[in-house]
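Me: I would like a close look at one part of this protein, set against the other hollow spaces in the model. Please take it slowly and keep to what the coordinates support.

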Amino acid sequence: MIFGLLKEQHRNRLRSRPFSKDWLEIIRRDVAFFVRLSAADQSELLGHIQVFLVEKRFEGCGGLEITDEIRVTISAQACLLLLHRKTDYFPRLLTILVYPSTYMVEEHRHVEGPVWEEGRMPRLGETGRQLGALVLAWETVKSGAADPSDGKNLVLHEFAHQLDFENYAADGVPALATRKQQLSWREVMRTEFASLRAAEETGIPTLLDIYGATNPAEFFAVATEAFFERPRMLRAHHPRLYAELQSYFQQDPVEYSAERLKD
Ligand SMILES: [Zn+2]
């Protein structure tokens, strides 16, 4: 209790510190959604970034040297997921590892039936419940920040996994406030996940990245990307999914989205 209180006081102090002009310049230049947010949301976001940058460690990999641009561009996108909610700042995450671009990992990958493939596979990012770390490819982070409406965002995807871990299991269900919310979430996600799986089998094009058909955890991460990047389309085609995400995130990205509709 005392520790929680002290932690909250410390975070309050960090949030109210004056924000670095250099960092703000980086955000305005590199993180396209920022200027579209309301003034209140902008200042809430900057406060969260101050806490995030003090509490998380960044480490360069594959010869990458961590700069303020890297730290600030990643945290600005990650903290978008925290607006309007009581948050503990991705409590399971300690370290963010950043590679210059796609990195290779040794993988034992299931192809089909009894067929497995072994070898070095390219990756853009990953995180795990037990890992305490999150890995990102800087090149993709940067291009994702520059285009807020292509439906894809690596940082939002990986940090959505961290939100999923907050209530322990990596099951596509984040920490929801009430039993009623949990029941409604499970019901809607089950239906939406099943229809994405069906689309995967028939090859019908989908708004949600088909990678979300992998499992419920990936479904939540992919749905989060669509929620922030293509909110109008998601609301039109998956209204119940949109409503669940809106109630969890306490945000309506339609209000600040750069998404254009062909209609
Ligand atoms: Zn994922």
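What volume does the second largest pocket have?

Reply: In this predicted model, the second largest pocket has a volume of about 260 Å³. It is lined by 14 residues, and those closest to its centre are Arg-11, Lys-86, Thr-87, Asp-88 and Tyr-89. Helix α1, which covers residues 2–16, gives the most to this lining, with five residues. By class, the lining of the second largest pocket holds eight charged residues, together with three nonpolar and three polar ones.

The largest pocket makes a useful companion to this picture. Its volume is about 690 Å³, and of the 28 residues that line it, Gly-125, Leu-154, His-157, Glu-158 and Tyr-211 are the closest to the centre. Several elements, namely β4 (115–123), β5 (125–127), α5, α6 (154–165) and α8, each supply at least two residues of the lining of the largest pocket, and the largest share, five residues, comes from α6. Sorted by class, the lining of the largest pocket divides into 12 polar, eight nonpolar and eight charged residues.

Besides these pockets, there is an enclosed space to consider. A search of the whole structure finds one cavity of 30 Å³ or more, and the largest cavity has a volume of about 130 Å³. Of the 14 residues that line the largest cavity, Phe-33, Leu-80, Pro-148, Phe-228 and Glu-229 are the closest to its centre, while the elements that give two or more residues to this lining are α4 (68–80), α5 (138–146) and α8 (216–229). The lining of the largest cavity comprises eight nonpolar, four polar and two charged residues. Helices α5 and α8 therefore appear in two places, since each gives two or more residues to the lining of the largest cavity and each supplies at least two residues to that of the largest pocket, with the cut-off for lining being an atom within 4 Å of a point.

One further helix deserves a separate word. Helix α3, residues 39–55, has 17 residues and reaches 25 Å from its first C-alpha to its last, close to the 24 Å expected at 1.5 Å a residue. Its buried residues include Asp-41, Gln-42 and the run from Leu-45 through Leu-46, Gly-47, His-48, Ile-49, Gln-50, Val-51 and Phe-52 to Leu-53, where buried means under 20% relative accessible area. An α-helix has 3.6 residues a turn, so residues three or four places apart point the same way.

Note on methods:
Residues are numbered from 1 along each chain as its sequence is written. This is a predicted model: local features need pLDDT of at least 70, side-chain atom pairs count only at pLDDT 80 or more; totals for chains, interfaces and linings use all residues. Side-chain values use heavy atoms; hydrogens and water are left out. Helices (H or I, at least four residues) and strands (E, at least two) are DSSP runs, numbered from the N terminus. The expected span of a helix is 1.5 Å times one less than its number of residues. Buried means under 20% relative accessible area, exposed over 50%, partly exposed in between (1.4 Å probe, protein chains only). On a 1 Å grid over the protein atoms alone, a cavity is a set of points where a 1.4 Å probe fits but cannot get out, and a pocket is an open set with protein on both sides within 12 Å along at least five of seven lines; lining residues have an atom within 4 Å of a point. Grid points are joined across faces, edges and corners, and a volume is the space filled by probe spheres set on the points. Ala, Val, Leu, Ile, Met, Phe, Trp, Tyr, Cys and Pro count as nonpolar, Asp, Glu, Lys and Arg as charged, and the others, Gly among them, as polar.
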